[in-house]
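Open the model in your viewer with the cartoon and side chains available. The stops below say what to select and what is there.

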Amino acid sequence: SDNEIETALKKYDLLSKNNYFKSHTPYIVKNFKFREFDFSDLKTVTFEVTQRCNLRCKYCINGEMYNHDENDYTDDLSFEKAKAVIDFLADKIQEGSSVKSKITFGFYGGEPLLQFELIKEIVEYIKMKVSPITPVDFTMTTNGLLLKKYLNFLVGNN
């Protein structure tokens, strides 16, 4: 209806005026003192394994509704960076940080399954390094197009 269109345009105007659709530079925390961080409430660690995607959904942050340069979304996570996070976390748990419950490791993107080999490597490393000292779980945000291709691994690793 005309009323719904007018309301949607007002919302769009408000978001646009407040730079909601403007390109952004991620906020990077510098000089964070990890040693002083309380890990007792840690529940989730999410790895953004890629910013690439096999779709271009309009509503997505990488889609056409947002103003950004294609070069803004080209970096993939390296195993070395993921390993450093996992090692750090495992060391903290072994030092006595009391994680209250299991830790959920998530995979996010773009489309994370475009980086399947990396995900596989990270999952295996978590199972070797973290699973023996605290319960773990895995999640993934995916568009589902590649699920069938990797179903055996995904099911086998919960």
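## Start after the first helix

Select Asn19: just after H1, this residue takes a positive phi of about 60°. The model is a predicted one, and local features are taken only where pLDDT is at least 70.

Now extend the selection back to helix H1, residues 2-17. From its first C-alpha to its last, this helix of 16 residues reaches 22 Å, close to the 22 Å expected at 1.5 Å a residue. Colour H1 by accessibility and little cover appears: the count of buried residues among its 16 residues is 0.

## The sheet

Next, show the strands. 3 strands form an open sheet, ordered E1-E2-E3, with parallel pairing. The edges are strand E1 (44-48) and strand E3 (136-140), each of which pairs on one side only. From one strand to the next, the twist averages 20°.

Select E1 and strand E2 (residues 103-108) together. These two run parallel and are joined by 5 bridges. To follow the register, step along E1:

- Thr44 has Thr104 as its bridge partner in E2.
- Val45 has Phe105 as its bridge partner in E2.
- Glu48 has Tyr108 as its bridge partner in E2.

Strands of a sheet pair through backbone hydrogen bonds, either parallel or antiparallel.

Keep E1 selected and turn on its side chains. Which residues lie on the covered face of E1, and which on the uncovered one? Val45 and Phe47 make up the covered face, while Thr44, Thr46 and Glu48 make up the uncovered face. In a regular strand the side chains alternate between the two faces of the sheet.

Move to E2. Of its 6 residues, 5 are buried, so E2 is largely enclosed by the rest of the structure. On the side of E3, E2 pairs in the parallel sense over 5 bridges. Within that pairing, Phe105 has Phe138 in E3 as its bridge partner. Trace the chain onward from there: the path goes from E2 through H3 to E3, and this β-α-β crossover is right-handed.

## Aromatic pairs

Display the rings of Phe and Tyr. A search of the whole structure finds 7 aromatic pairs. One of them joins Phe105 and Phe138, whose rings are tilted, with 6.4 Å centre to centre and 40° between the planes. This pair links distant parts of the chain, with Phe105 in strand E2 and Phe138 in strand E3, 33 residues apart. Both Phe105 and Phe138 are buried.

A second pair to pick out is Phe116 with Tyr150, which is stacked at 3.8 Å centre to centre with 15° between the planes. Here too the pair links distant parts of the chain: Phe116 belongs to helix H3 and Tyr150 to helix H4 (residues 147-156), 34 residues apart. Are these two rings buried or exposed? Phe116 counts as buried because its relative accessibility is 8%, under the 20% cut-off. Tyr150, at 15% relative accessibility, counts as buried for the same reason.

Then return to the sheet and select Phe47, Phe105, Phe107 and Phe138, which ring pairs link into a cluster. Phe47 was met earlier, on the covered face of E1.

## Two charged residues on helices

Select Asp87, which is found in helix H2 (residues 79-94). At 16% relative accessibility, Asp87 counts as buried, since the cut-off is under 20%. What is Asp87 in contact with, leaving aside its neighbours within four places in sequence? The contacts are Tyr125 and Lys129.

Finally, select Lys127, found in helix H3. Its relative accessible area is 33%, so Lys127 is partly exposed, the class between 20% and 50%. Leaving aside its neighbours within four places in sequence, Lys127 is in contact with Pro132, Phe138 and Asn157. Phe138 is also the bridge partner of Phe105 in E3. For a last distance, pick the C-alpha atoms of Lys127 and Asp137: they are 10 residues apart along the chain and separated by 9.9 Å.

How values were computed
Residues numbered from 1 in each chain as written. Predicted model: local features only at pLDDT ≥ 70, side-chain atom pairs only at ≥ 80, totals over all residues. Heavy atoms only, no water. Pairing = 2+ DSSP bridges. Helix = DSSP H or I, 4+ residues; strand = E, 2+ residues; numbered from the N terminus. Axes fitted to C-alpha atoms, helices over the stretch in contact; angles between N-to-C directions. Buried < 20%, exposed > 50% of the residue type's maximum accessible area, 1.4 Å probe, protein only. Contact = heavy atoms within 4.5 Å. Phe/Tyr/Trp six-rings, centres within 6.5 Å; stacked < 30°, edge-to-face > 60°. Right-handed = clockwise from strand over helix to strand, strands pointing away. Expected span 1.5 Å × (residues − 1).
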